[in-house]
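This report describes the fold and packing of one protein chain. The sequence and the model are shown first, and the text then moves from a strand pairing outward to the whole chain.

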Amino acid sequence: MATRKETDLWLLERLVPGAGVNNLSVTFDVDGRLEPAALSRALTLVVRRQEILRTVFRAGDGELDKSVLAPEAVEISVSGVPVGAGEAGTAVQEFVAAPFTLDGSLLVRGVVFLPEDGGCTVSVALHHLVFDAMSTVSFLGELLSALADPDGYDTTPVAAAVEPEPAAESVEFWREQLRGFKGGAEGGGLWFGNPPSDTPDLAGESTWYTLSRPARDVVRRLCRELRAPEAVILLSAYCLLLSRHGAGKDLVVGSPVSVRPAGHEAAIGYHVNVLPLRVRIDSTKPFKRLVNRVRSVFLEGIGHSGVPAERVLDEVREAEAGASWRNSLCTHLFNYVPGGTSGDFQVAGFPARMREVENGFSKFDLEFFFMPGPAAEPGGEEELRIRAVFRTQVFSPTEVGLLLARYDALLVRLGEELASPVGELSVWSDADRAAVAGGHRHGLPSALPCSPAVAQFSSYDPGEWSAVRALVSAPDGGELPVRVRGELCLAEADGTVRHTGELARWLPDGRLELLGRLDRQVTVQGLTFGLDEVDAVLLAHAEVAGAASVAVGGRVVSFVAPAGGAAPAEGLAERLLKQIRVSLPGPAEPDRVVVVDALPSVGGRPDLEGLRLRAEAQVRGAVPAEEAPVDTEELTDQLLALWREFLKREDLKAGSGFFASGGHSLLGVQLLQRIKRTTDVKVRIRLADLFAHPTPRALAGFIAERSE
């Protein structure tokens, strides 16, 4: 039977079926031709020797089984694939990204790409279930030995390393460490990038950044002055960077560590746990105090590293606000890699070097890998490079570039203002300052409203433009840099600051983007979003002339006025809900859409307070939404019965969330299998669909739509 760690990898794969989200590779370029037959023999020998590489998995109904193939049953065939000049990189990425099938087949495959301009590229793809990045050095050593002398290669079988069960005191340690943790902005994500999505595609990209020489010098200096390892200095600065972008003063950063048993430090396999390091930042204290705290948290965490992150999440799940498809404790990672396999080596007498390969996915919002790089000049000191991996649903490459530049600028500033309270340290880069200064060059910058419901910037005309400066403010009053969301404020020459109540952010070209009213921001099921976003989707429908949404008791109720002042066509509310479901995350879907002749207004704007009172009356006096008759009533009842059975709760209703009521990913997979077997549903339902439609009523509606 698969372990909990292994099962969770499989569950993540279920979110994006048909994708190689768990694929890793060992890939290197060779300055000569390597025969595919030679790699076939060498790879076969290595897999026969390593029991973990002969381990196979079968995915069943809500379960993952594993077994080990006999050495003699393993035979790996490697092909030689001709490619055009300069096309090896693309070919390798496609090879690595191709998914493995968990049907009892080996989770290892190899290929030799043969460019027409000479040399070759060797790539071995492996599934994360049997491999991790820390296995690369050991695996490469085995493969090179088998290539160099296949007849003399030691074929004595090596048993798979077995991690011990987590100690009770370690489980208790993490329970206490993470008790009450809510996450930045109460789980709503950073003020930077896009909000969390209920329907992940896990698509990812990466970019490289080399720390500037001044920043590198500061890191070395701080290691000496603060008597802290380089990893602790870099992690402390990373936590401070995230905090200033909305992660809050109480944040958790994940840090992968090897948990190979003693005596098996070089073992190949999946032996990595992610430590959810909880760091509390006191903005009134200097950086030294933060470093001391991070060092303590980091060292204590390593002492209790035997508890997988999945188990940690189970221990503190009751403290979470709503459900998520991911481990909400660790959405940002710090990965310190002091060594690696980036150096040159020999293959069959030819010079060779490692090639970095992306599989096109990211399981976390953002991960900073810190790696040594070659010296800029012969005989000089090695560089420190950051490989930033990010989910494209959350960040754009431009936004990640801004973060990297700010991280560099923060390190330099620490060298200049080490004794200052960390709350006073600026994280602005030169590009941030230039953008804002450029926006003010001829008075107040222009602003772009994000929807018709947002007031134009000119409505805050101060009269004397040159005497007023615009700023985007954090809740603590600090000024925010480019693309970070905060309140738009206007600062007078005499120091007076006027709050506009508008959510805004600077753009790289010096303009301001207005994102809606701050009082229109709500949090539902752990997701923070603007009601203006819901209104914008409704207004985009051709049959709608006006829209205004309000939040009542954790529910969203939307009022719409039909276009042209005519009577609404039959079924308008249902069509609007259908449009919203494909445009917004599940928690942002209105509980109901109410069609009215016209929206009441006050001073030219929708009377939101009046609509809120009307919504409250409807919610109190009408039949509750979860009990309202719908076309899918029979299916809703069937699903509700399954909800109650799986969660062992008779108090659940058709509007009860599966995960919010105690469900988890593995139970969700089993639920979907039961739905498939016991109902007439013909629609394929993915685990991601259950996360996006977590109630019986919502899932029944989703199934009905897909069946049309």
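In this predicted model, Val-30 stands opposite Ala-352 of strand β12. The two strands concerned, β1 (residues 23–30) and β12 (residues 350–354), pair in the antiparallel sense over three bridges. Within β12, Met-354 is the bridge partner of Phe-28. Ala-352 also has Phe-345 standing opposite, and β11 and β12 pair in the antiparallel sense over four bridges. The hairpin of β11 and β12 has two residues between the strands, and Ala-348 takes a positive phi near 55° there.

The residue pairs named above are collected here.

| Residue | Residue opposite or bridge partner in β12 |
|---|---|
| Val-30 | Ala-352 |
| Phe-28 | Met-354 |
| Phe-345 | Ala-352 |

**The open sheet**

These strands belong to an open sheet of six strands, ordered β4-β5-β6-β1-β12-β11, with mixed pairing. The edges are occupied by β4 (79–83) and β11 (344–347); each has a single partner strand, so one side of each is left without a neighbour in the sheet. On average, and with direction ignored, neighbouring strands of this sheet are turned by 30° against each other. Helix α3 (residues 88–97) lies across β1, β4, β5 (108–115) and β6 (120–127), and runs at about 165° to β5.

**Nonpolar cores**

Which residues touch the most other members of the largest nonpolar core? They are Phe-28, Leu-53, Phe-139 and Leu-143, in a core of 89 residues. Helix α15 (residues 633–647) supplies the largest share of this core, seven residues. Apart from this core lies another of 88 residues, among them Leu-241, Phe-298, Leu-410 and Trp-428.

Phe-28 thus appears both in the pairing with β12 and in the largest nonpolar core. Leaving aside neighbours within four places in sequence, the contacts of Phe-28 include Cys-120, Thr-121 and Val-122, as well as Leu-140 and Leu-143. Phe-28 is also in contact with Phe-345 and Val-347, and with Ala-352, Arg-353, Met-354 and Arg-355.

**Helix α13**

Helix α13 (residues 572–581) has the buried residues Leu-572, Ala-573, Leu-576, Leu-577 and Ile-580. Viewed down the axis of α13, these residues fall within an arc of 135°, so they line one face of the helix. An α-helix has 3.6 residues a turn, so residues three or four places apart point the same way. The cover over the buried residues of α13 includes α12 (531–539) together with the strands β22 (544–552), β23 (555–562) and β24 (592–595).

**The chain as a whole and its confidence**

The chain contains 18 helices and 26 strands. Of its 708 residues, 53% count as buried. Among contacts in the chain with a separation of 6 or more, 70% are accounted for by residues 24 or more positions apart.

The mean pLDDT of the chain is 86, and 88% of the residues reach 70 or more. Over residues 318–326 the pLDDT is below 50, and this stretch has 25 contacts in the model beyond near neighbours in sequence. Residues 451–465 likewise have a pLDDT below 50, with 30 contacts in the model beyond near neighbours in sequence.

Conventions
Residues numbered from 1 in each chain as written. Predicted model: local features only at pLDDT ≥ 70, side-chain atom pairs only at ≥ 80, totals over all residues. Heavy atoms only, no water. Core = buried A, V, L, I, M, F, W, Y, C linked by side-chain atoms within 4.5 Å. Buried < 20%, exposed > 50% of the residue type's maximum accessible area, 1.4 Å probe, protein only. Contact = heavy atoms within 4.5 Å. Arc of directions from axis to C-beta. pLDDT = per-residue confidence, 0-100. Pairing = 2+ DSSP bridges. Axes fitted to C-alpha atoms, helices over the stretch in contact; angles between N-to-C directions.
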